[in-house]
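Visitor: I am in my first year and would like a close look at a single part of this molecule, with its surroundings explained step by step. Could you take me through it slowly?

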Amino acid sequence: MTANRRFRDIDRIGPVQVGTSFDGRGHEKHTAACTAPRCGFSADYDSRAAAELAARTHRCPVR
């Protein structure tokens with residue numbers, strides 16, 4: 001199953017992008033995803049504050 005999301009309100013905190021979208025049930029979700037090569041970090045959160053905190057505290061294992 002693929003998730004076709006339309007992100008809005010996208011911010012960048014270091015190498016991590018934080019965006020807001022709606023899930024399949026119409027609930028608002030916030031995603032934090034690292035854009036560094038070979039990192040692979042991404043996670044969904046229920047609040048924008050949680051996604052931004054994850055972005056601020058993320059440390060890439062690949063350096």
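Visitor: How many bridges join β1 to β2, and in which sense do the two strands run? Please start there and then stay with β2, following what surrounds it.

Guide: Before the details, please keep in mind that this is a predicted model, in which the chain averages a pLDDT of 89 and 90% of the residues score at least 70. Among the elements of the chain, the lowest mean pLDDT, 92, belongs to strand β1, residues 8-13, while helix α1, residues 48-57, has the highest, 96.

To your question: β1 and β2 run antiparallel and are joined by four bridges. Within this pair, Arg8 has Thr20 of β2 standing opposite. The hairpin that the two strands make has two residues between them, and in this hairpin Gly14 takes a positive phi near 65°.

On to the pairing of β2 with β3, which is also in the antiparallel sense but extends over seven bridges. One position to look for here is Gly19, whose bridge partner in β3 is Thr31. The hairpin of β2 and β3 has five residues between the strands, and there Gly26 takes a positive phi near 90°.

These pairings belong to a wider arrangement, an open sheet of four strands in the order β1-β2-β3-β4, with antiparallel pairing. The edge strands of this sheet are β1 and β4 (42-45), each of which pairs on one side only. If direction is ignored, neighbouring strands of the sheet are turned by 20° against each other on average. In general, the strands of a sheet pair through backbone hydrogen bonds, and they may do so in a parallel or an antiparallel way.

At the β4 side of the sheet, β3 and β4 pair in the antiparallel sense over four bridges. Ala32 stands opposite Ala43 in β4, and Ala33 has Ser42 of β4 as its bridge partner. Helix α1 packs on the sheet, where it touches β1, β2, β3 and β4, and the direction of α1 makes about 160° with that of β2.

With these surroundings in place, we can ask how much of β2 is covered. Because five of the seven residues of β2 are buried, the strand is largely enclosed by the rest of the structure. Ser21, a residue of β2, which spans residues 16-22, gives an example: the cut-off for buried is under 20% relative accessible area, and Ser21, at 1% relative accessibility, therefore counts as buried. Leaving out residues up to four places away in sequence, Ser21 touches Arg5, Arg6, Phe7, His27, Glu28 and Lys29.

Next comes the nonpolar core. The largest one has nine residues, namely Ile13, Val16, Val18, Ala32, Cys34, Cys39, Ala51, Ala55 and Cys60. The elements that give two or more residues to this core are β2, β3 (28-34) and α1. Ala32, already met opposite Ala43, is in contact with Val16, Gln17 and Val18, and its other contacts beyond four places in sequence include Tyr45 and Ala51. As a general tendency, nonpolar side chains in soluble globular proteins are buried together.

Helix α1 and strand β1 are also connected by charged side chains. Arg48 and Asp9 meet in a salt bridge, with 3.6 Å from N to O; since Arg48 lies in helix α1 and Asp9 in strand β1, the pair ties together parts that are 39 residues apart in sequence. Arg48 is buried, with a relative accessible area of 14%, whereas Asp9 counts as partly exposed at 48% relative accessibility. Arg48 forms a salt bridge with Asp11 as well, the closest N and O atoms being 2.7 Å apart, and this pair again links helix α1 with strand β1, here across 37 residues. Asp11 counts as partly exposed, at 34% relative accessibility. Within the helix, the side chains of Glu52 and Arg48 meet in a salt bridge of 3.1 Å, N to O, and because these residues are four apart in helix α1, about one helical turn separates them. Together, Asp9, Asp11, Arg48, Glu52 and Arg56 are linked in a network of salt bridges.

Notes: Residues numbered from 1 in each chain as written. Predicted model: local features only at pLDDT ≥ 70, side-chain atom pairs only at ≥ 80, totals over all residues. Heavy atoms only, no water. pLDDT = per-residue confidence, 0-100. Buried < 20%, exposed > 50% of the residue type's maximum accessible area, 1.4 Å probe, protein only. Contact = heavy atoms within 4.5 Å. Core = buried A, V, L, I, M, F, W, Y, C linked by side-chain atoms within 4.5 Å. Pairing = 2+ DSSP bridges. Axes fitted to C-alpha atoms, helices over the stretch in contact; angles between N-to-C directions. Salt bridge = Lys/Arg side-chain N within 4 Å of Asp/Glu carboxyl O.
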